[in-house]
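Colleague: I would like to go through this model by question and answer. Please end each reply on the value or name I ask for.

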Amino acid sequence: MKTIQLTKNDFLTKITNYEENPTEWNYLGDKPALIDFYADWCGPCKMIAPVLEELAAEYSNDIYIYKINTEVEQELSAAFGIQSIPTLLFIPMEGSPHMAQGAIPKNQLKQAIDELLLNK
């Protein structure tokens, strides 16, 4: 599996409908997810992109890895207060999502996926 590009409409149906439910987080997915907020011109975003592709293949049965282009989906970026990129949103099946910023090394990403998303 590869990373999956998300539009606002995809986000509202696959992640959470923040328009209908602005005060409550209600994850709509069937397995945990990691969302990469990025831009094409961003150097650190380009560095982390191949790592996320590797992780998407490695964890294809366990999680989704989505990408949101902050230049295209400015409303989504604003809704989540994205001020620096890359910003990663870790979404477990239950509980609140966790946010991290920067080009995190692969070993730390794997640890975060295992702990935050897969409860290992």
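Colleague: Is N119 buried or exposed?

Modeller: The model is predicted. N119 is found in the segment after helix 4 (106-117). Its relative accessibility is 66%, and the cut-off for the upper class is over 50%, so N119 counts as exposed.

Colleague: What is phi of N119?

Modeller: Most residues other than glycine have a negative phi. N119 is a residue other than glycine, yet its phi is positive, near 50°.

Colleague: Which residues does the cis peptide bond join, and what is omega?

Modeller: Most peptide bonds are trans. One partner of the cis bond, P86, lies in the loop between helix 3 and strand 4. The other partner is I85, and omega is about -5°.

Colleague: How do the planes of Y18 and F80 count: stacked, tilted or edge-to-face?

Modeller: The structure holds six aromatic pairs. In the pair of Y18 and F80, the ring centres are 6.2 Å apart and the angle between the planes is 85°. Planes over 60 degrees apart fall in one class, so the pair is edge-to-face.

Colleague: How many residues apart are Y18 and F80?

Modeller: Y18 sits in the loop between helix 1 (8-14) and strand 2 (33-38). F80 sits in the loop between helix 3 (74-79) and strand 4 (87-91). The pair thus links distant parts of the chain, and the separation is 62 residues.

Colleague: Which residues form the aromatic cluster?

Modeller: Y18 and F80 are both buried, and both belong to the cluster. The full membership is F11, Y18, W25, F37 and F80.

Colleague: Which element supplies the largest share of the largest nonpolar core?

Modeller: This core has 22 residues, of which F11, I15, I35 and F80 touch the most other members. Helix 1, strand 2, strand 3 (64-69) and strand 4 each supply at least two residues. The largest share is four residues, and the element is strand 2.

Colleague: How many residues are in the other core?

Modeller: The other core lies apart from the largest one. Among its members are L52, Y59, L88 and I104. Its count is 17 residues.

Colleague: At what distance from the ring centre of Y38 does K67 lie?

Modeller: Two lysines can be taken together here. K31 lies over the face of Y64, at 4.7 Å from the ring centre. K67 lies over the face of Y38, and its distance from that ring centre is 4.4 Å.

Key: Residues numbered from 1 in each chain as written. Predicted model: local features only at pLDDT ≥ 70, side-chain atom pairs only at ≥ 80, totals over all residues. Heavy atoms only, no water. Phe/Tyr/Trp six-rings, centres within 6.5 Å; stacked < 30°, edge-to-face > 60°. Buried < 20%, exposed > 50% of the residue type's maximum accessible area, 1.4 Å probe, protein only. Lys NZ or Arg CZ within 6 Å of the ring centre and 35° of its normal. Core = buried A, V, L, I, M, F, W, Y, C linked by side-chain atoms within 4.5 Å.
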